[in-house]
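Student: Please take a close look at one part of this one with me: the backbone oddities, then the packing around them. I'd like the numbers and the cut-offs as you go.

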2 protein chains.
Amino acid sequence: MRIVVLAGGIGGARFLRGLKQAVGPGTPEAGSEITVIGNTGDDIHLFGLKVCPDLDTVMYTLGGGIHEEQGWGRADESFSIKAEMKAYGVGPEWFGLGDKDFATHIVRTQMLAAGYPLSAVTEALCARWKPGVRLIPMSDERVETHVLTDVEGERKAVHFQEYWVKHHATVPAHAIIPVGAESAKPAPGVLEAIAEADVVILPPSNPVVSVGTILAVPGIRRAVAQTRAPVIGLSPIIGGAPVRGMADKVLEAVGVETSAAAVAKHYGSELLDGWLLDESDAASVAEVEAAGIPCRSVPLWMTDTDASAAMARAALAFAEAVREA
Amino acid sequence: MRIVVLAGGIGGARFLRGLKQAVGPGTPEAGSEITVIGNTGDDIHLFGLKVCPDLDTVMYTLGGGIHEEQGWGRADESFSIKAEMKAYGVGPEWFGLGDKDFATHIVRTQMLAAGYPLSAVTEALCARWKPGVRLIPMSDERVETHVLTDVEGERKAVHFQEYWVKHHATVPAHAIIPVGAESAKPAPGVLEAIAEADVVILPPSNPVVSVGTILAVPGIRRAVAQTRAPVIGLSPIIGGAPVRGMADKVLEAVGVETSAAAVAKHYGSELLDGWLLDESDAASVAEVEAAGIPCRSVPLWMTDTDASAAMARAALAFAEAVREA
């Protein structure tokens, strides 16, 4: 089976770990190929280096190098360089890169400077991490999510990471702008993977700044809408609140209520062939189906890999049911 | 007193530490200004980063951050990035950069990419290290010392660091080529410092690939030859062997015998107003003076800072004697 997942960072990565288990050796879907289209809208240049937080979170998580508790960055990390940067008076201080993580960004930046596109660089980095999926950035071109906000009394657009990591989404978000998206092209293989997929999954990633940014790259939304494969989404909202992160703030910025049903309708029936929401939101199934989107309720807390694998199996079963319907 | 020193790496840095002590608070020369013109011919781009080994050795040594036993690199260093590079299969492995050291190169590379010349970048880095001297690279332009050698049966020019660090100077050196030197300009302040100096010192740095490379930048040799200040050199050769490093190999490549007298004559009376050789080479004083270069023998082993300071005092006293003669 060919499975395509549009993924952001932590939520997408943890779902993918469950998906890998769900289609692992000994399962009915053993031998499935998973293609991950990764969000690069939160990429940032720091200290002259190209940092791709979401791609790295997927790569480290699936490759066994992730800092488990934190959900991002490397396990057993040291922070010599961060201390040195502070000693040199070179910022920003609010973005915490560890020494091992720096190595990834140095290798990536060196390859990009040598002329390799980000997709080729990502493939080269994955040659080490062996994530067990094909990880493709949504685009080889630079797309940067900016947030229109008020900082120190001034309305201005700041890089998403500044909004998210520096300000912890505590400043108002008036609009989310994927700068550069309108002129970006999907990376090689992205549209083909979606077109040839047996199932497309929107994991419980941020619907605005992760999946939304991927869909903002011209051609990708249409490819997802037009693929013959069932498209199954999993709600990142449970009981009216994001499972993690601050998705409620960016949903509000795009005028979407923070509820499992509202996010389903935000994606819309033109994209979704099925929507999974948490058991606790079962009362909303009817509302989603009324919008033309088949809906089921299942446990959606990714408490461990088994739980994530169960979610993945539910998504694949739902896709099968939709396909047969 | 305005003192100018043309310095390479370890030898130059240790001499400078002595010089600082020799003109420190409470000494007759307290308040002297030391300008160091640093060799950049052994600079190398590694992992996409600009590495300046000699400038950094001077900066770390005088700023209190040097790895004392090793003579280069940072004290209390860790090597996470080096291990990561190996895991990524990204070389070269033979150049050992520590994590703290990487931070310096990241900051430097970022500033260079932002358009600052190397001299401004060096000044910015020194704002942290406070080396107590004005450190200026010999040129803001790229000059790279290459060595014509035989590697695996093939005659070819390799980067000096490859010859020195990878091959430990065990492959033959047929020629030393300061690539780019002929079209390089001295960095801002270099010629002025030499012209306005009260004394110019050639410390016991490598006469070929350190001091020689600095002198190869058009205008610098003439400035040293023409300055009214006495120019005093200290022999890096004691008893027919280099004090450290592999200067004998590169001296041979330029057709100069490995002896204190031969190095003096290599610099020549048009550059030197005085030459200090080690007590053990006292028999060569007459040979140097016969070449028109005033010469004295003093202890030249930099066993500790006190010994280096004594050498610096000897050089300053010699300059004073030359000036009065």
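Tutor: B:Pro92 sits in the loop between H3 and helix H4 (99-113) of chain B; helices (H or I, at least four residues) and strands (E, at least two) are DSSP runs, numbered from the N terminus. The bond leading into B:Pro92 from B:Gly91 is cis, with omega near 5°. Before going on, keep in mind that this is a predicted model: local features need pLDDT of at least 70, side-chain atom pairs count only at pLDDT 80 or more, and totals for chains, interfaces and linings use all residues. Residues are numbered from 1 along each chain as its sequence is written, chains are lettered from A and ligands numbered from 1 in the order in which they are written, and side-chain values use heavy atoms, with hydrogens and water left out.

Chain A has a cis bond to look at too: the peptide from A:Gly91 to A:Pro92, where omega is near 5°. A:Pro92 is in the loop between helix H3 (80-88) and helix H4 (99-113) of chain A.

Staying with chain B, go back along the sequence to the loop between helix H2 (53-63) and H3, where you'll find B:Asp76. Its phi is near 50°, which is positive even though the residue isn't glycine. B:Asp76 has a relative accessible area of 69%, so it is exposed (buried means under 20% relative accessible area, exposed over 50%, partly exposed in between, with a 1.4 Å probe and protein chains only). Now set that beside A:Phe47, another non-glycine with a positive phi, here about 55°. A:Phe47 belongs to the loop between strand S3 (44-46) and strand S4 (49-51) of chain A, and at 5% relative accessible area A:Phe47 is buried.

Now follow H3 of chain B to its partner in chain A. H5(A) and helix H3 (residues 80-88) of chain B pack at an angle of about 100°, with axes 8 Å apart. Axes are lines fitted to C-alpha atoms, for helices over the stretch in contact, and angles run from 0 to 180 degrees between N-to-C directions. H5(A) and H3(B) are therefore roughly perpendicular (under 35 degrees is roughly parallel, over 145 roughly antiparallel, 65 to 115 roughly perpendicular, the rest oblique). On the H5(A) side the residues are A:Leu125, A:Arg128 and A:Trp129, and they meet B:Glu84, B:Ala87 and B:Tyr88 of H3(B); contact means heavy atoms within 4.5 Å. That set splits into four nonpolar, no polar and two charged, where Ala, Val, Leu, Ile, Met, Phe, Trp, Tyr, Cys and Pro count as nonpolar, Asp, Glu, Lys and Arg as charged, and the others, Gly among them, as polar.

H5(A) also has a neighbour within its own chain. The axes of helix H2 (residues 53-63) and helix H5 (residues 118-129), both of chain A, come within 10 Å and cross at roughly 20°, which makes H2(A) roughly parallel to H5(A). This crossing of H2(A) and H5(A) is right-handed, meaning the near helix is turned clockwise from the far one by less than a right angle, while anticlockwise would be left-handed. H2(A) brings A:Leu55, A:Met59, A:Tyr60 and A:Gly63, and H5(A) brings A:Leu118, A:Thr122, A:Leu125, A:Cys126 and A:Trp129. Seven of the residues in that contact are nonpolar, two are polar and none is charged.

Zoom in on A:Tyr60, which lies in helix H2 of chain A. A:Tyr60 counts as buried because its relative accessibility is 1%. Leaving out residues up to four places away in sequence, A:Tyr60 touches A:Gly65, A:Ile66, A:Gly73, A:Arg74, A:Asp101, A:Thr104 and A:Trp129, plus B:Tyr88 from the other chain. A:Arg74 is 14 residues from A:Tyr60 along the chain, with 7.1 Å between their C-alpha atoms.

For another buried helix in chain A, try H11 (residues 260-267): six of its eight residues are buried. Those are A:Ala260, A:Ala261, A:Ala262, A:Val263, A:Ala264 and A:Tyr267. Just past H11(A), A:Gly268 has a positive phi of about 90°.
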